Amino acid sequence: MIERIKQETNYAGDIIYKNIQIKDQTITLIYSEVLASGSDISNMILKNIAKIIDEKITLPEDLFLFFYNSIPGHNVTRIKDYEDLLNKLWNGYTVFFVDENNYFAIETRATLDRGITSSENEISVRGPKDSLTENFNKNLGLIRKRIKSKYLWQDSLEIGKQSKTKVSILYMQNIAEKSLVKEIHRKLQKVNIDGILDCGYLKDYLHEESTIFPTILTTEKPDLAAMALLEGKIVILCDNSPYALILPCFFIDLFHTPDDYYQKPINISFIRIIRLLAFLISILIPAYYIAITTHNHDAITTDLLLNFLSQRLTVPFPALVEALLMTVSFEILRESDMRMASTMGTAVSILGGLVLGDAAVSAGIISPIMIIVIAISAISGLVFTSIELSSAIRYFRIFLMVLASMFGIYGIFLGALFLIIKLSSMHSFHKPYLAPFSPLILSEQEDAFIRINDVNKTKLRNPLLTKKNPVRGRATDEKE
């Protein structure tokens, strides 16, 4: 079997085969020096082997029992078959090969991930600063640290023909709907792919319909994942991924953050209204400017209209072309700023925002008001941390700009009507995407855009998510 391992791994240099003489028998230790911890092998295995000389241990059966009893806190397990042996080897275990019928493994996994750090994309002002990492056990621990309940269940799967990535479905057994858990489990079991390198790979297999709006929420905040679990939602963790998937996702969830529950309701209500205005401004402002300068001149005062037209006298392009040029330029600038190193990103921002913008206005290629309009629209779109939502805003912004150049303000109304119809017809795992507005759920209006925190009032969970335990604070077992 040892020769078979060598041949099938092409005599890999990182696979170590160490022969050790114990009493009158030779055993072989097999481990990967890049996946296993050398200090663990030395402290837990080699030092204990040295003690065997003074113990009355009979090989091969007593060797497994010796390590099983003398190494607390570590996984000492028997190997089922050859495939299980390779799986243990690639997961950082050290394999004890006594003979063809007796081999077991001890977990000596090396720490190959970064420690728990603060969130980089979802900045928290008042809440917890820790974020998920690439280590599955740490991510699960961060969530269990917040929900110390026996009803927090997990179903684990192994996805990927080659990567064999561990994927776990987390849910509150006494809150979440069983039908939703089964449906997600069924979809994940159908995933047939060579490797899962991040939880984003799973989105394409979980989406129910093709849409540019996110129907699955991605987060790196363990407190947000814990909040979702207590609401009756499902959380999916993927090994080697610092993000978790939360589903189902409603449109209103994109306007909420964990910080909303760590501050006063009156302040949060104002911030949520600002986010809604930012969403509308980001989509509508460029289209409205094109409409009033192209078709609907009577929509603004004469003085303001003359001011706009005087700035565009030297511009050789129509308003739509001008807006598209600025929009594409901003997207290129933002993408280069994201991909560049932090020290170079500042230089790129200064060069693009000041030098090129000022030069374009001085050359008469772009009007100053167009730079202001596109800048306000772009900055408003940066309010949201969801990349999928930012992309959806970008697409609908361009869509409304084209309609405004063709039909004016009437085209904007048509585009807005199409957007509302699209959102109203969408579903996330059979749940209306625009809830709690369509359908209207009165109990959920207290935490939609205006947050009302009445401690004396009974709080109800979203009836679309669960019907098991509708009252918060009274989540019990079904039998109870």
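# Exercises on helix packing, cores and single residues

Helix H9 (residues 265–294) and H14 pack with their axes 8 Å apart and at an angle of about 15°. The model is predicted, so local features need pLDDT of at least 70 and side-chain atom pairs count only at pLDDT 80 or more, while totals for chains, interfaces and linings use all residues. Residues are numbered from 1 along each chain as its sequence is written, and side-chain values use heavy atoms, with hydrogens and water left out.

**Exercise 1. Classify the packing of H9 and H14 and describe their contact.**

Step 1. Helices (H or I, at least four residues) and strands (E, at least two) are DSSP runs, numbered from the N terminus. Axes are lines fitted to C-alpha atoms, for helices over the stretch in contact, and angles run from 0 to 180 degrees between N-to-C directions.

Step 2. Angles under 35 degrees count as roughly parallel, over 145 as roughly antiparallel, 65 to 115 as roughly perpendicular and the rest as oblique. H9 and H14 are therefore roughly parallel to each other.

Step 3. The crossing of H9 and H14 is right-handed; that is, the near helix is turned clockwise from the far one by less than a right angle, whereas anticlockwise would be left-handed.

Step 4. Contact means heavy atoms within 4.5 Å. On the H9 side, the residues include Phe279, Ile283, Ala287 and Ile290, and these meet H14 residues including Ile393, Phe396, Leu400 and Ala404.

Step 5. The contact of H9 with H14 divides into 13 nonpolar, 3 polar and 1 charged residues. Here Ala, Val, Leu, Ile, Met, Phe, Trp, Tyr, Cys and Pro count as nonpolar, Asp, Glu, Lys and Arg as charged, and the others, Gly among them, as polar.

**Exercise 2. Repeat the analysis for H11 and H13.**

Step 1. Helix H11 (residues 319–339) and helix H13 (residues 368–381) have axes that come within 10 Å and cross at roughly 50°.

Step 2. H11 and H13 are therefore oblique to each other, and H11 passes H13 in a right-handed crossing.

Step 3. H11 contributes Ala319, Glu322, Ala323, Met326, Thr327 and Phe330 to the contact, and H13 contributes Met370, Ile371, Ile374 and Ala378.

Step 4. By class, the contact of H11 with H13 has 8 nonpolar, 1 polar and 1 charged residues.

**Exercise 3. Which residues touch the most other members of the largest nonpolar core?**

Step 1. A nonpolar core is a set of buried Ala, Val, Leu, Ile, Met, Phe, Trp, Tyr and Cys residues joined through side-chain atoms within 4.5 Å. Buried means under 20% relative accessible area, exposed over 50%, and partly exposed in between (1.4 Å probe, protein chains only).

Step 2. The largest core has 68 residues, and Phe213, Val235 and Phe251 touch the most other members. Helix H14 (residues 387–407) supplies the largest share of this core, 8 residues.

Step 3. Apart from this core lies another, of 23 residues, among them Ile169, Val191, Ile236 and Phe429.

Step 4. Phe251 is in contact with Phe213, Phe279, Leu423, Tyr433 and Leu434, leaving aside neighbours within four places in sequence.

Step 5. As background, in soluble globular proteins nonpolar side chains tend to be buried together.

**Exercise 4. Is Leu224 buried or exposed, and which residues does Leu224 touch?**

Step 1. Leu224 lies in helix H8 (residues 222–231).

Step 2. Leu224 counts as buried because its relative accessibility is 17%.

Step 3. Not counting residues up to four places away in sequence, Leu224 touches Glu122, Leu217, Thr219, Ile246 and Pro258. Leu224 and Pro258 are 34 residues apart in sequence, and 5.7 Å apart in space, C-alpha to C-alpha.

**Exercise 5. Compare the settings of Lys88 and Lys264.**

Step 1. Lys88 is found in helix H4 (residues 82–90), and Lys264 in the loop between S10 and H9.

Step 2. Lys88 is buried, with a relative accessible area of 13%, whereas Lys264 counts as exposed at 58% relative accessibility.

Step 3. Lys88 touches Thr77, Tyr93 and Ala105, not counting residues up to four places away in sequence. The C-alpha atoms of Lys264 and Arg451 are separated by 9.2 Å, and these residues are 187 apart along the chain.

**Exercise 6. Locate the cis peptide bonds at Pro436 and Pro439, and the positive phi of Asn240.**

Step 1. The peptide bond from Ala435 to Pro436 is cis, with omega near 10°; Pro436 is in the segment after strand S12 (431–432).

Step 2. Ser438 and Pro439 are joined by a cis peptide bond with omega about 5°, and Pro439 lies in the segment after S12.

Step 3. Asn240, a residue other than glycine, has a positive phi near 70°. Asn240 lies in the loop between strand S9 (234–238) and strand S10 (244–247) and counts as partly exposed at 46% relative accessibility.
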